[in-house]
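Q: I would like to request a close look at a single part of the structure shown below, set in the context of the whole chain.
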Amino acid sequence: MQPLAVELTHRLPPELRAMGWAAVKVVPVGLQPLRMDERAAFGWNLTRLESAPRRTGFEALDRGGPAWAPHPLI
């Protein structure tokens, strides 16, 4: 995958920028984002989720919805 990176340092408070802090957001285009709250229905990459059993051997959907367990790294 080719990630898309966005420089966000300009949005930091001037004091943090003066200390050398930087901020970026990296979006892996085409991959499913990690979520803090599985209840929101918008934004799911359903094509990718539906193809998970073929690609990985594991189900990603439970009765048409997101998996019941959150991502282990969240």
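What is the relative accessibility of Val-6, and as what does this residue count on that basis?

A: In this predicted model, Val-6 counts as partly exposed, because its relative accessibility is 38% and the partly exposed class lies between the limits of 20% and 50%. The residue belongs to strand β1, which covers residues 3-7. Val-6 is also one of the members of a nonpolar patch on the surface, together with Leu-4, Val-27 and Val-29. The accessible area of these four residues together is about 300 Å². Membership of such a patch requires over 30% relative accessible area, a condition that Val-6 meets because its value is 38%.

The setting of strand β1 follows from the order of the elements. Three helices and four strands make up the chain, and from the N terminus on they are arranged as β-α-β-α-α-β-β. Confidence is not uniform along this arrangement: among the elements, α1 has the highest mean pLDDT, 96, and strand β4 (residues 65-66) the lowest, 57. For the chain, the average pLDDT is 78, with 65% of the residues scoring at least 70.

The segment before β1 contains Met-1 and Gln-2. Met-1 counts as exposed because its relative accessibility of 64% is over the 50% limit for that class. Gln-2 is likewise exposed, with a relative accessible area of 68%. Met-1 is linked to the patch described above through one of its members: its C-alpha atom and that of Val-29 are separated by 7.0 Å, although the two residues stand 28 places apart along the chain. Met-1 is also in contact with Val-29, as well as with Leu-31 and Arg-48, when neighbours within four places in sequence are left aside. For Gln-2, the C-alpha separation from Gly-30 is 9.0 Å, again with the two positions 28 residues apart along the chain. Gly-30 recurs in a further pair, since its C-alpha atom and that of Thr-47 are separated by 9.9 Å, at 17 residues apart along the chain. Thr-47 is part of helix α2 and is exposed, with a relative accessible area of 62%.

On the other side of strand β1 in sequence, the loop between β1 and α1 (14-18) holds Thr-9. Unlike Val-6, which counts as partly exposed, Thr-9 is buried, because its relative accessible area is 16% and the buried class is under 20%. Leaving out residues up to four places away in sequence, Thr-9 touches Arg-17, Trp-21, Ala-22 and Ala-23.

Arg-48, already named as a contact of Met-1, also takes part in a side-chain interaction: the side chain of Ser-51 reaches the backbone oxygen of Arg-48 at 3.0 Å. Ser-51 lies in the loop between α2 (46-50) and α3, and it counts as buried at 13% relative accessibility. Helix α3 (residues 52-56) includes Pro-53, which is partly exposed with a relative accessible area of 29%. Apart from residues up to four places away in sequence, Pro-53 touches Phe-58 and Glu-59.

The chain as a whole completes the picture. Of its 74 residues, 12% count as buried, and both Thr-9 and Ser-51 belong to that class. The accessible surface comes to about 6300 Å², and carbon and sulfur atoms account for 62% of this area. Among contacts between residues at least 6 apart in sequence, 22% join residues at least 24 apart. To return to the residue in question, Val-6 is a partly exposed residue of strand β1 that shares a nonpolar surface patch with Leu-4, Val-27 and Val-29.

Methods. Residues numbered from 1 in each chain as written. Predicted model: local features only at pLDDT ≥ 70, side-chain atom pairs only at ≥ 80, totals over all residues. Heavy atoms only, no water. Helix = DSSP H or I, 4+ residues; strand = E, 2+ residues; numbered from the N terminus. Buried < 20%, exposed > 50% of the residue type's maximum accessible area, 1.4 Å probe, protein only. Contact = heavy atoms within 4.5 Å. Patch = residues over 30% accessible without salt bridge, like charges linked within 9 Å, V, L, I, M, F, W, Y side chains within 5 Å. Areas by Shrake-Rupley, 256 points an atom, 1.4 Å probe, with all protein chains shown as cover. Salt bridge = Lys/Arg side-chain N within 4 Å of Asp/Glu carboxyl O. Polar contact = N/O pair within 3.5 Å; in protein donor to acceptor, adjacent residues only side chain to side chain. pLDDT = per-residue confidence, 0-100.
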